[in-house]
Structure formats: structure tokens, C-alpha cells
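Q: I have a model open and would like to learn how to read its helices. Could we go through it together?

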Amino acid sequence: MSNNSEARRDKPTPDPWDLGFGVVILVAALAALFVWFPNDINGGFMQVSAIGRREPGDAFFPIILALLLAGLGAIQIAFSLLGRTLRTDGQRPRVTGANLFFMARFLGVVGVGLLVMYWLGPLTVGLLNALGLLDGTYRQFTDTAPYKYIGYVVGGFAMTVALIVWTEGEVRRAGLITVALILGGSILIFDGLLTNVLLPPNSEF
């Protein structure tokens, strides 16, 4: 009898924080898909342009993002139910000062990268205007190369490489090449294949 009790006590049980996080993400994603988007987005997943070409509609990217989040939430729930995130000594992890410092540094790197992505293009165009080398506001060049690429490429590259170097503790050529390929591929998809989509953050101007 005691052996059975010890076996039940040693058996991993779902961490309520891990399980709850997965449930919240899954429920929020499903609510967005079935409640928020149908009532707030006028366009569909795909649409036909004025020249008769089928292209992504207003709901295309929100739906893709919500589906990805729903999948991640389901994976989180599955791993939690399988007890994969519990420590073998039965103690549950706690939030410490080191965890908060790590999160602050992570948010700092991402925040600086997003600021560079958002402002570098307009600042570059403003500087060129001040030097008499360009005439026009950044809004006029949000779909003009190379200006539309400046913030996205520099900010995205700096932010991603900084996170990789932070994680690996060194600068590796493979990491730099991988980031460059991902950025190039995303530009090819969003700026080349999807004609009605602007690279971030150009749609904000």
C-alpha cells in the first residue's frame, strides 16, 4: 500500500502555471478566430484585386498568426499534461530576481530593435532631405527601394543577431548567414510575392 502511495506521489502532475498559460493562449486564439476577427475585419482570408488577381485579404495575416498561437497553446497544454516541465525533485519552479532581470534584458533588446526598425527609415530620409540629396517625406518612399528596406533590414538584423549572440555567447558566421537568409526570404515573400503588403513598419506611415 505504501509503495502505491509513493508511486502516486512521485508521478508528475501538471504544473498549474504551465497548464494555465497554454489554456489562456489557446482560448484567446480561438476567441480571436471565431469572435473578434469575424466582427472586426471586413475583408476575407483571400480576395480578388481590381485586376482579377487572387491575393491575401485583410484577414489573411491575423488568421495565420492566430492559428500559430492556437497551435503553440495546444502544444504547451500537451507538454504540461505529460509532466515534461516539472523538476524530478517535486519542487515547482519559482519566479526569481534573476528571471525578472533576464526578462528585462530580453525586452530591452527587442525594444531597441523595434525602435531602430521604426525610426531608422524616416530619420535617414529626413537626413537626406536636410542634405539636399532627397526631396519628399518618408511616407512618399514607404514603397520605394532602398528606403523601404532600411528600418526592416537594419532593425531586424540587429535585434535577431543580438539575441542569438546573447544566447550562444559568441558571434558565429552561421548565425549571421541564417538571419540574413530569413530577412531576405521574408522580403521576397512580403515585398515580392504579396503585392498589397508593405514591409513593417512602413504600413504605419
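Q: What span should the 22 residues of helix 5 have at 1.5 Å a residue, and why?

A: The expected span is 1.5 Å times one less than the number of residues, so helix 5 (residues 147-168) should span 32 Å, and its end C-alpha atoms are indeed 32 Å apart. Helices (H or I, at least four residues) and strands (E, at least two) are DSSP runs, numbered from the N terminus. This is a predicted model, so local features need pLDDT of at least 70 and side-chain atom pairs count only at pLDDT 80 or more, while totals for chains, interfaces and linings use all residues. Residues are numbered from 1 along each chain as its sequence is written, and side-chain values use heavy atoms, with hydrogens and water left out.

Q: Which residues of helix 5 are buried?

A: Buried means under 20% relative accessible area, exposed over 50%, and partly exposed in between (1.4 Å probe, protein chains only). An α-helix has 3.6 residues a turn, so residues three or four places apart point the same way. In helix 5 the buried residues include Tyr147, Ile150, Gly151, Tyr152, Gly155, Gly156 and Met159. Helix 4 (97-130) and helix 6 (173-193) are among the elements that cover them. After helix 5 comes glycine 169, with a positive phi near 80°.

Q: Is serine 186 buried or exposed?

A: Serine 186, which lies in helix 6, is buried, with a relative accessible area of 11%. Contact means heavy atoms within 4.5 Å. Neighbours within four places in sequence aside, serine 186 touches Tyr152, Asp191 and Leu199. Tyr152 is also one of the buried residues of helix 5.

Q: How do I read a helix pair, and at what angle do helix 2 and helix 3 cross?

A: Axes are lines fitted to C-alpha atoms, for helices over the stretch in contact, with angles from 0 to 180 degrees between N-to-C directions. The axes of helix 2 (residues 16-40) and helix 3 (residues 60-81) cross at roughly 155° and come within 8 Å. Angles over 145 degrees count as roughly antiparallel, and helix 2 and helix 3 are therefore roughly antiparallel. Among the residues that meet are Leu19, Ile25 and Leu33 of helix 2, and Ile63, Ala66 and Gly73 of helix 3.

Q: What pattern does the whole chain follow?

A: Along the sequence the pattern is α-α-β-β-α-α-α-α, with 6 helices and 2 strands. Of the 205 residues, 25% count as buried.

How values were computed:
Parallel < 35°, antiparallel > 145°, perpendicular 65-115°, else oblique.
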